[in-house]
Amino acid sequence: MAESMEQYRLIVGLGNPGAEYRNTRHNAGFMVLEKLLSGSVFSRFEESHTADSRVFSGRFRGRSLMLQMPLTYMNDSGRAVGALSRRHGIEPSEILVISDDLDLPLGQLRIRKGGSDGGHNGLKSIISELQSADFKRLRIGIGRDGKVVDHVLSPFTAEEQPLWDEAVLKGSEAVIEILKSGLSRAMNHYNTRPRPQVENPGQTEENASVSSGN
């Protein structure tokens, strides 16, 4: 049976509150939710401040849905997610969490059904608070460069920004695909590596490998 909208009652975007963190890599989850809220599908969702979060509530395809931006700072995200999910009787399996990922190349998306925290403190906090890792994840690659803390709290360079803007757009489209068609179909669509660009547009991939000596 295909996954239904009933399985997704809460979409959580992870990030840090405050102007100083607004455009940093660690705020990937916030950015995807902001992109969703700027579009026609979610523009009528009503905002409230509850469970130490900005919460946007509305209906999608006739079903109730909430978008949550925890304001507890990343390392304590689970407190906000746990409070909101308990208040509304939302099971971990009905939650989709959007986060950045150091181990994915910049701009690459990865959708997963569950798993470990992968070293991400926000996911670690949620798993601890819910006592379950059975929530869905949408991870967006930010690459890895230098010290972890400095990197995740740094803004994107001018060269990186176009690729990042595209990744945020694709992330918002992936959320809608998950809600409409289910996780498996979205995974098949979005869990692919970007095709490498060939410097010479007229050169085939096979010829490129030969010419590079691989």
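1. Starting with the pocket, since that is where I looked first in this predicted model: the lining of the largest pocket splits by class into nine nonpolar, eight polar and eight charged residues. The volume of this largest pocket comes to about 470 Å³. Its lining counts 25 residues, and those that lie nearest the centre are His26, Gly119, His120, Asn121 and Val152. Two or more lining residues come from each of β5, α3 (121-130), β7 (136-141) and α4 (148-152). Helix α4 gives the largest share, with three residues.

2. Now the overall layout. The chain holds seven helices and seven strands. Going along the sequence, their order reads β-α-β-β-β-α-β-β-α-β-α-α-α-α. Of the 214 residues, 47% are buried. As for contacts with a separation of 6 or more, 69% are between residues 24 or more positions apart.

3. Helix α1 deserves a look. How many of its 11 residues are buried? Eight of them are, so α1 (residues 28-38) is largely enclosed by the rest of the structure. The buried set is Ala28, Gly29, Phe30, Met31, Val32, Leu33, Leu36 and Leu37. What do they pack against? The partners are the strands β1, β3, β4, β5 and β7, together with helix α5.

4. Next, α2 (77-87). Its buried residues are Ser77, Gly78, Ala80, Val81, Gly82, Leu84 and Ser85. These pack against β1 (10-13), β2 (46-50), β3 (53-60), β4 (63-70) and β5, and also against α3. Just past the end of α2, Gly89 has a positive phi of about 65°.

5. Helix α3 can be read alongside α2. Gly122, Leu123, Ser125, Ile126, Ile127 and Leu130 are its buried residues, and they pack against α2, β5 and β7. Gln131, just after α3, takes a positive phi of about 55°. As a reminder, α3 is also among the elements that give two or more residues to the pocket lining.

6. A word on Ser99, which sits in strand β5 (residues 95-101). Is this serine buried or exposed? Its relative accessibility is 1%, so Ser99 counts as buried. Leaving aside residues up to four places away in sequence, Ser99 touches Leu14, Ala28, His120, Leu123, Leu138, Arg139 and Ile140. Several of these names have come up already: Ala28 is one of the buried residues of α1, Leu123 is one of the buried residues of α3, and His120 is among the residues nearest the pocket centre.

7. Phe60 is another buried side chain to check, this time in strand β3. Its relative accessible area is 5%, under the 20% cut-off, so it is classed as buried. Between Phe60 and Val41 the C-alpha to C-alpha distance is 7.9 Å, with their positions 19 residues apart in sequence.

8. Two residues other than glycine have positive phi values that I would look at in the backbone. Ala51, in the loop between β2 and β3, has phi near 55°. Tyr73, in the loop between β4 and α2, has phi near 75°. Which of the classes does each fall into? With 11% relative accessibility, Ala51 counts as buried. Tyr73, by contrast, has a relative accessible area of 42% and is partly exposed.

9. Last, the pairing of α5 (residues 161-181) with α6 (residues 183-190). Their axes are 7 Å apart and the helices pack at an angle of about 145°. The crossing of α5 past α6 is right-handed. On the α5 side, the contact is made by Lys170, Glu173, Ala174, Glu177, Ile178 and Ser181, which meet Leu183, Arg185, Ala186 and Tyr190 of α6. By class, the residues of this contact are five nonpolar, one polar and four charged. Recall that α5 is also one of the elements against which the buried residues of α1 pack.

Note on methods. Residues numbered from 1 in each chain as written. Predicted model: local features only at pLDDT ≥ 70, side-chain atom pairs only at ≥ 80, totals over all residues. Heavy atoms only, no water. Axes fitted to C-alpha atoms, helices over the stretch in contact; angles between N-to-C directions. Helix = DSSP H or I, 4+ residues; strand = E, 2+ residues; numbered from the N terminus. Left-handed = near helix turned anticlockwise from the far one by under 90°. Contact = heavy atoms within 4.5 Å. Nonpolar A, V, L, I, M, F, W, Y, C, P; charged D, E, K, R; others polar. Buried < 20%, exposed > 50% of the residue type's maximum accessible area, 1.4 Å probe, protein only. 1 Å grid on protein atoms, 1.4 Å probe; cavity = no way out; pocket = protein on both sides within 12 Å on 5 of 7 lines; lining within 4 Å. Points joined across faces, edges and corners; volume = space filled by probe spheres on them.
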